[in-house]
Amino acid sequence: MPVGPLAKRLCGAIAALALSSAIASAQTWPDRPIKLMIAFGSGGTIDTLGRILADKLSDRWKQGVVVENKPGGGGNIGAAAAAATAPDGYSIHLGAQSLATNVTLLPTPNFDPVRDLEPVYFIGYATDVMMVPKDSPFKTLADVIAEGKAKPGSLNYASTGIGSSGHLATVLFSQMAGVQAQHVPYTSLGAAMTDLTGGRLSFWISTLGSNLGNVQAGSVRALGISGAQRAKDIPDVPTFREQGVALVEPSTWFGVFVPKKTPPDVVAKINRDFAAIIAEPALKERLSKLGFTLVGGEPKALADHLAADIAKWAKVASSPEFALK
């Protein structure tokens, strides 16, 4: 059916109005409170990070930034909820490596991170630490490896679920060190730590930020950390690489996402503002002490990392060691 001149002018006016509204929203954003959505419960490393960032962003934006925890489904429930919000920048998702691993381990037709989320800012990595009970006979990483090789399957380890960062880090460790260990998934960090300190677990690889206090207090013994260099607050703990295991890149990473179709100018502003607060010396030092290695960069850096991580964990998940889940 032909479109008349009046209809064409009306369509043009509507398009111009939509464009001007988008520009105006980008120029005035934010003018109301913002939600920082996290797909995991309170108390963990990502929750700690989110609350630190929310405080700094509230000061910068002169608006409240409220942390909203939506745990469940290995991270899929909270991520899908964030992706389904209005694409206006007022709901921001603080995502983790589960966005990449769930594509293979816990796929759902209702959510796809590449299809449904717009990458904004790559915050960085969290250092992984291997812990054993304080009375463990294992004094070094070599002791754990020797036991694992001599008695395949005699070791057991904790994680907070199949596909969690600790599970995946241990799968990589098992592949690199040539050992086997039994996976014991937990529903909470507290329960896993109780069994570790009680000697019911052989070891646990988890993020340093949420366990630094336990290591420093002597509740557990740290045998190694990921990364290229030792952590400032526990300098006596060698890296995995120093001990012959090439577990350098931590399995846990964090990034900022918004729903697809969020205006590009809003995406750019969120990127700039996250970069600005993380560049502050006091915050950089605080995050460093908690075991974070900061990355930063334009949205493409996060998009590229997400794509590479999806491919990486798809390959890892097909390995024989992963059957030990």
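This note goes through the predicted model point by point, from the whole chain to single residues.

1. Overall make-up. The model is predicted, not determined by experiment, and the points below should be read in that light. The secondary structure of the protein chain comes to twelve helices and eleven strands, and buried residues account for 48% of its 325 residues. Among contacts between residues at least 6 apart in sequence, 78% join residues at least 24 apart. The chain exposes about 14,500 Å², of which carbon and sulfur atoms supply 58%.

2. The five-stranded sheet. Five strands form an open sheet in the order 7-6-8-5-9, and the pairing within it is mixed. Its edges are strand 7 (181-185) and strand 9 (220-225), each of which pairs on one side only, and from one strand to the next the twist averages 30°. Strand 6 (residues 155-159) pairs with strand 7 in the parallel sense, over five bridges, and within this pair of strands Asn156 stands opposite Gln182.

3. Helices against this sheet. Helix 7 (residues 165-177) lies across strand 5 (128-133), strand 6, strand 7 and strand 8 (203-207), and it runs at about 120° to strand 8. Helix 8 (residues 189-197) also packs on the sheet, where it touches strand 5, strand 6, strand 8 and strand 9, and its direction makes about 145° with that of strand 8.

4. Helix 7 in detail. At 1.5 Å a residue, the 13 residues of helix 7 should span 18 Å, and the C-alpha atoms at its ends are indeed 18 Å apart, so the expected span and the model agree. Eleven of these 13 residues are buried, and helix 7 is therefore largely enclosed by the rest of the structure. The buried residues include Ser165, Gly166 and His167 at the start of the list, and Ala177 at its end. Just after helix 7, Gly178 takes a positive phi of about 70°.

5. The largest nonpolar core. This core has 34 residues, and those with the most contacts inside it are Ile123, Val256 and Ile270. Among the elements that give two or more residues to this core are strand 1 (34-38), strand 4 (117-126), strand 10 (252-259) and helix 10 (264-278), while helix 2 gives the most, with seven residues. Leaving aside residues up to four places away in sequence, Ile270 touches Trp29, Gly89, Ile92, Val120, Val256 and Val258. In soluble globular proteins, nonpolar side chains tend to be buried together.

6. A second core. Separate from the core just described is another of 24 residues, which includes Tyr157, Leu168, Leu172 and Phe240. Leu168 and Leu172 are also among the buried residues of helix 7.

7. Strand 4 and its partners. Nine of the ten residues of strand 4 are buried, so this strand is largely enclosed by the rest of the structure. Strand 4 pairs with strand 10 in the antiparallel sense over eight bridges, and Phe122 stands opposite Gly255 in strand 10. Strand 4 is also joined by three bridges to strand 11 (residues 292-294), again in an antiparallel arrangement, with Ala126 opposite Phe292 in strand 11.

8. Val132. This residue is found in strand 5, and it counts as buried because its relative accessible area is 0%, where buried means under 20%. Not counting residues up to four places away in sequence, Val132 touches Phe138, Leu196, Ser202, Phe203, Val220, Arg221 and Leu223. The C-alpha atoms of Val132 and Gly199 are separated by 8.2 Å, although the two residues are 67 residues apart along the chain.

9. Ser210. This residue lies in the loop between strand 8 and helix 9 (212-217). Its relative accessible area is 27%, so Ser210 is classed as partly exposed, the class that falls between under 20% for buried and over 50% for exposed. The C-alpha atoms of Ser210 and Gly44 are 6.1 Å from each other, with the two residues 166 residues apart along the chain.

How values were computed:
Residues are numbered from 1 along each chain as its sequence is written. This is a predicted model: local features need pLDDT of at least 70, side-chain atom pairs count only at pLDDT 80 or more; totals for chains, interfaces and linings use all residues. Side-chain values use heavy atoms; hydrogens and water are left out. Two strands pair if DSSP finds at least two bridges between them. Helices (H or I, at least four residues) and strands (E, at least two) are DSSP runs, numbered from the N terminus. Axes are lines fitted to C-alpha atoms, for helices over the stretch in contact, and angles run from 0 to 180 degrees between N-to-C directions. Contact means heavy atoms within 4.5 Å. The expected span of a helix is 1.5 Å times one less than its number of residues. Buried means under 20% relative accessible area, exposed over 50%, partly exposed in between (1.4 Å probe, protein chains only). A nonpolar core is a set of buried Ala, Val, Leu, Ile, Met, Phe, Trp, Tyr and Cys residues joined through side-chain atoms within 4.5 Å. Accessible areas come from the Shrake-Rupley method with a 1.4 Å probe; for residues, only the protein chains shown count as cover.
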